[in-house]
Amino acid sequence: MSAAEGPLVVGVDTSTQSTKALVVDAATGQVVASGQAPHTVSSGAGRESDPRQWWDALREALHQCGDAAREAAAVSIGGQQHGLVTLDAQGEPVRPALLWNDVRSAPQARRLIEELGGPKSWAERTGSVPGVSFTVTKWAWLTEHEPEAVRAAKAVRLPHDYLTERLTGEGTTDRGDASGTGWWAAGTEAYDEEILARVGLDPALLPRLVRPGEVAGTVRDGHDLPFSKGTLVAAGTGDNAAAALGLGLRPGVPVMSLGTSGTVYAVSQHRPADPTGTVAGFADARGDWLPLACTLNCTLAVDRVAALLGLDREAVEPGTDVTLLPYLDGERTPNLPHSSGLLHGLRHDTTAGQLLQAAYDGAVHSLLGALELVLDADADPTAPLLLIGGGARGTAWQQTVRRLSGRPVQIPEARELVALGAAAQAAGLLTGEDAAAVARRWKTSAGPVLDAVERDEAALTRISGVLSDAAPLLERSAGSS
């Protein structure tokens with residue numbers, strides 16, 4: 001292990017498919033050790049994981065970190081948003097967690113929007129119009145389909161809450177992750193009792209909200225992790241809010257994250273309320289806001305198209321009028337939860353590489369369509385777009401984003417930004433600093449900038465036209481699923 005200048009902290013990213021842990025020098029931001037272990041996710045419309053796997057994966061990831069993890073003075077958990085974790089009186093899962101990309105609650109989402117005053121009312125009340133990803137819709141689905149699980153539930157948690165509680169023995173959450181549930185009121189920053197009553201959820205089952213910078217608890221006895229009893233535990237937060245911390249993000253700087261899901265977001269000092277539902281008005285982990293748009297289909301969908309074509313993911317070819325909407329898991333932006341992929345414009349001379357490029361274009365088109373809604377009106381339209389996530393290192397992703405955005409694109413050299421953001425949050429407990437300021441001191445957003453190129457307006461117009469013309473077909477597939 002390299003000699004550290006300051007105390008060590010641990011940042012954790014418990015994502016859809018794996019848990020990653022970083023041991024970081026709080027003084028310099030140097031990553032001195034890391035570990036990672038996978039999760040199992042069910043396939044099909046029902047996407048579920050056993051939360052106990054997350055704990056086992058955390059244990060394994062920390063074991064890989066070796067002695068460095070034992071020296072940590074503080075720890076924080078960043079995690080996948082929206083997932084519904086139900087626990088019994090002993091703190092054991094009642095059933096597998098319903099994950100963010102489980103689309104079975106689409107009927108419940110539509111009904112809840114109608115019953116509580118429509119999209120505008122929801123946006124003003126919670127900051128967001130609840131889509132199929134939101135936790136409140138999953139609880140409503142569970143109430144209808146598995147009432148015995150609801151009766152057995154003595155605690156309701158989000159994924160990062162579950163791990164934090166296993167560390168401290170106390171049920172806590174933070175404003176960033178709570179804002180993605182659909183039962184947190186953005187105006188009062190408290191649980192919305194009317195919404196909870198509507199879905200039959202007792203507020204006593206929910207975790208305590210921890211304020212930014214507040215200690216959530218300390219590591220308790222009886223665990224099997226390499227932390228000392230009394231190690232400080234930060235509030236943690238959702239993955240996108242953690243990544244914003246990890247970048248030290250300032251208001252108005254746009255971010256595009258290319259992962260299992262795709263997201264665009266920016267920090268704002270204005271509370272968002274988009275009645276169209278395109279932009280989720282999330283809170284960030286500091287006290288500001290994190291307006292965000294999310295797509296269900298990003299790197300996995302494009303990789304699947306590449307596999308079907310027998311191509312490497314970088315084997316794209318230009319010069320095509322073919323359009324591919326890669327909605328392999330249904331879609332959230334645009335709101336087509338039961339849609340499937342759609343191919344239009346295929347010709348005899350269309351190549352496999354052109355089809356693959358069309359998949360990239362379709363995925364990026366969905367994200368860029370929401371970017372202007374995410375940014376405040378006075379945001380600089382020429383500011384570099386920060387490109388993060390697993391896809392950000394891919395040349396095909398980089399060039400597609402440049403061509404379709406017309407913006408400069410910056411690729412931060414720092415990796416594992418969710419875990420780094422959690423580490424910055426943990427470091428802030430020790431130093432008294434704002435977590436984003438810690439990350440800026442660590443220079444986490446530094447990286448090469450790719451110059452802007454002329455925006456491919458023709459491709460954007462073509463894809464938008466196909467999407468508009470195909471909307472009735474894509475929407476009708478909901479009734480046939």
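Right after helix 3 comes glycine 117, and its phi is positive, near 95 degrees. Keep in mind that this is a predicted model. Helix 3 itself covers residues 106–115, in a protein with 16 helices and 24 strands.

**Helix 3 and its surroundings**
- Five residues of helix 3 are buried: Ala106, Gln108, Ala109, Leu112 and Ile113.
- These buried residues cover an arc of only 160 degrees around the axis, so they sit on the same side of helix 3.
- What covers them? Helix 4 (119–126), helix 5 (135–145) and helix 9 (193–198) are among the elements that do so.

**Overall fold**
- On the secondary-structure side, we're looking at 16 helices alongside 24 strands.
- The radius of gyration comes out at 21 Å, close to the 23 Å that the globule rule gives for 481 residues, so the protein is as compact as a globular protein of that length.
- Along the principal axes, the C-alpha trace spans about 65 × 50 × 45 Å.
- Take the contacts between residues at least 6 apart in sequence: 72% of them join residues at least 24 apart.

**Burial, surface and charge**
- Of the 481 residues in the protein, 58% are buried.
- The exposed area is about 18,300 Å², with carbon and sulfur atoms supplying 49% of it.
- On the charge front, there are 40 positive and 58 negative side chains.
- The centres of those two sets lie 2 Å apart.

Definitions and conventions:
Residues numbered from 1 in each chain as written. Predicted model: local features only at pLDDT ≥ 70, side-chain atom pairs only at ≥ 80, totals over all residues. Heavy atoms only, no water. Helix = DSSP H or I, 4+ residues; strand = E, 2+ residues; numbered from the N terminus. Rg over C-alpha atoms; globule rule 2.2 N^0.38 Å. Buried < 20%, exposed > 50% of the residue type's maximum accessible area, 1.4 Å probe, protein only. Contact = heavy atoms within 4.5 Å. Areas by Shrake-Rupley, 256 points an atom, 1.4 Å probe, with all protein chains shown as cover. Lys, Arg positive; Asp, Glu negative; His and termini not counted. Charge placed at Lys NZ, Arg CZ, Asp CG, Glu CD. Arc of directions from axis to C-beta.
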